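Good morning. Please have the sequence and the model open while I talk.

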Amino acid sequence: MSSSKRKTAEGPKVGLEYAKADVEAGVEGPFLAVFPGIAPPKTTPFNIYKPENEETKSKKKRRIIEADTGKVEFVGQNFGENARQGFCRYVIAIRDKETDKITFKDAPVIAVNRTIKSLKNAKLHASAKEQFIQAKNSLGEAFGTKKIKQQIKSVERNAVNVSTLDSVAGILHDSISAKTSALPSKASIKAAADEDRPIPPYDLEATKVEDIYKLENLITPAEYQLIPFKSLLDKANQPLSALPFQGSKYVNDALVAALSVSKKDRHRIRLLMYINFLMAFRTVPDRRLDDTETLNKIMGETPSVILENFYERFTETPEGGDKKRHTFTPKSKDKLLCWILAIALTLENFNIDAAAVTKDLSLKQTKVNELFKSLGCKINDLSATQKAQLGIEGEDAKTMKRAILTVPLMFPLPKRGPKAK
């Protein structure tokens with residue numbers, strides 16, 4: 001077997017050479033500029049300056065570059081205190097397409113600092129002001145009264161030397177960064193606020209409005225079955241007398257309408273009775289929550305299972321040795337009110353007159369509107385068509401609003417800071 005040498009394919013030949021800047025001929029550059037922070041626009045022209053009376057070989061390479069954008073000055077140099085220190089040497093390769101020759105040129109690195117011109121002028125003014133103050137103090141110390149001399153010395157003692165703070169600026173910055181990094185984000189604040197809302201369980205991902213506050217979360221199946229709606233049917237002449245709370249116009253009017261038809265809507269009657277139980281429970285005095293006699297008098301024949309759930313949902317047990325086992329808190333009261341409004345929304349197809357239960361609950365309309373908003377409702381004015389359908393006009397038409405629950409569920413953002421005066 002004969003051996004043969006392989007011939008390697010020869011590629012295009014590229015000429016390489018190292019060129020030194022012909023300074024004497026006026027050829028300068030290139031330079032590599034480093035901009036800490038903000039860099040100027042790419043089209044900004046830079047001027048190159050050479051210090052005078054630099055005769056030694058090393059000093060001949062010293063250069064200063066400068067540019068002005070109108071508002072900011074950029075100045076850099078490759079020597080002195082502001083020079084960039086390093087042990088690397090940089091070159092730039094320039095290829096000539098016609099001759100296919102690559103030339104390497106020295107590219108000194110220059111650190112460029114920026115100066116805002118308006119602040120520069122401000123420093124000059126500040127310097128002039130300091131000189132004036134020094135002259136004034138000299139006159140005061142030489143010819144001033146004893147009181148003026150004491151004032152001058154007091155000002156000098158209390159003056160803060162800003163330059164001494166430069167050494168601790170980095171420490172302060174790191175300390176502030178460490179503290180602020182532990183602060184909660186806007187999203188986490190909103191999530192915590194949503195979690196802490198005094199409202200029934202909700203589904204934030206619901207695509208149907210009826211799935212936001214599901215009925216089984218508002219009224220458990222056991223409660224639903226135990227609602228004594230037949231007590232209203234048995235009292236045909238005075239059905240409302242079976243209700244524990246007699247002061248709700250909303251519930252009374254809705255029940256009369258539901259009972260007046262031949263085919264009774266038992267589901268609607270059950271929900272209205274449950275709202276009535278909630279309204280009655282809300283009237284129990286805080287100091288009488290554990291008084292069985294008072295509770296039976298106010299709640300009437302409300303099933304015990306429903307009452308037990310009311311205590312579990314809407315009261316709290318204070319810690320310690322207090323004899324009173326249950327109490328209302330502002331948050332638990334708002335939770336009870338939101339439960340009433342959520343069931344009322346379910347009854348009205350999630351579009352209800354915002355003032356429907358305001359008088360029944362003896363609250364201000366602003367409070368009720370806030371509760372509707374905490375449930376995720378929008379408070380809207382009536383359209384012209386809705387006003388015509390309801391036959392309202394004048395002041396009633398201006399003040400009447402609708403609380404509307406829609407998907408996707410969105411809660412109002414938490415308030416930040418006090419109200420502006």
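I will go from the whole chain to one sheet, then to some helices, and end with two single residues.

This is a predicted model, so keep that in mind throughout. The protein chain has 15 helices and 11 strands. Of its 421 residues, 30% count as buried. Now take the contacts in the chain with a separation of 6 or more: 63% of them come from residues 24 or more positions apart.

Now the sheet. In what order do the strands of the open sheet of five strands lie? The order is β2-β8-β5-β4-β3, and the pairing is mixed. Strand β2, residues 32-34, and strand β3, residues 47-49, stand at the edges. Each of these two has a single partner strand, so one side of each has no neighbour in the sheet. On average, and ignoring direction, neighbouring strands here are turned by 25° against each other.

As background, strands of a sheet pair through backbone hydrogen bonds, either parallel or antiparallel. One pair to look at is β5, residues 72-77, with β8, residues 109-116. These two run antiparallel and are joined by six bridges. For a single position, find F74, which stands opposite R114 in β8.

Next, the helices. Two packed helices are described by the angle between their axes and the distance between the axes. Helix α9 covers residues 266-282 and helix α12 covers residues 330-347. They pack at an angle of about 165°, and their axes are 10 Å apart. Angles over 145 degrees count as roughly antiparallel, so that is what we call α9 and α12. The crossing of α9 past α12 is left-handed.

Which residues of α9 meet α12? They are R268, L271, L272, Y274, I275, L278, M279, F281 and R282. On the α12 side, the residues met include W339, I340 and I343. Sorted by type, the residues of this contact are 14 nonpolar, one polar and two charged.

Helix α12 also turns up in the packing of two other helices. In α8, residues 249-259, the buried residues are Y250, V251, N252, A254, L255, A258 and L259. They pack against α7, α9, α12 and β9. In α13, residues 365-374, the buried residues are V368, N369, L371, F372 and S374. Those pack against α12, β9, β10 and β11. After α13 comes G376, whose phi is positive, near 100°.

Last, the two single residues. L341 is in helix α12. Is L341 buried or exposed? Its relative accessibility is 1%, and buried means under 20%, so L341 counts as buried. Leaving aside neighbours within four places in sequence, L341 is in contact with V357, V368, L371, F372 and L375. Among these, V368, L371 and F372 have already come up as buried residues of α13. L341 and I352 are 11 residues apart in sequence, and their C-alpha atoms are 9.4 Å apart in space.

The other residue is N309, in helix α11, residues 304-314. N309 has a relative accessible area of 17%, so it is also buried by that cut-off. Not counting residues up to four places away in sequence, N309 touches T220 and E223.

That is the end of the talk.

Methods: Residues numbered from 1 in each chain as written. Predicted model: local features only at pLDDT ≥ 70, side-chain atom pairs only at ≥ 80, totals over all residues. Heavy atoms only, no water. Pairing = 2+ DSSP bridges. Helix = DSSP H or I, 4+ residues; strand = E, 2+ residues; numbered from the N terminus. Axes fitted to C-alpha atoms, helices over the stretch in contact; angles between N-to-C directions. Parallel < 35°, antiparallel > 145°, perpendicular 65-115°, else oblique. Left-handed = near helix turned anticlockwise from the far one by under 90°. Contact = heavy atoms within 4.5 Å. Nonpolar A, V, L, I, M, F, W, Y, C, P; charged D, E, K, R; others polar. Buried < 20%, exposed > 50% of the residue type's maximum accessible area, 1.4 Å probe, protein only.
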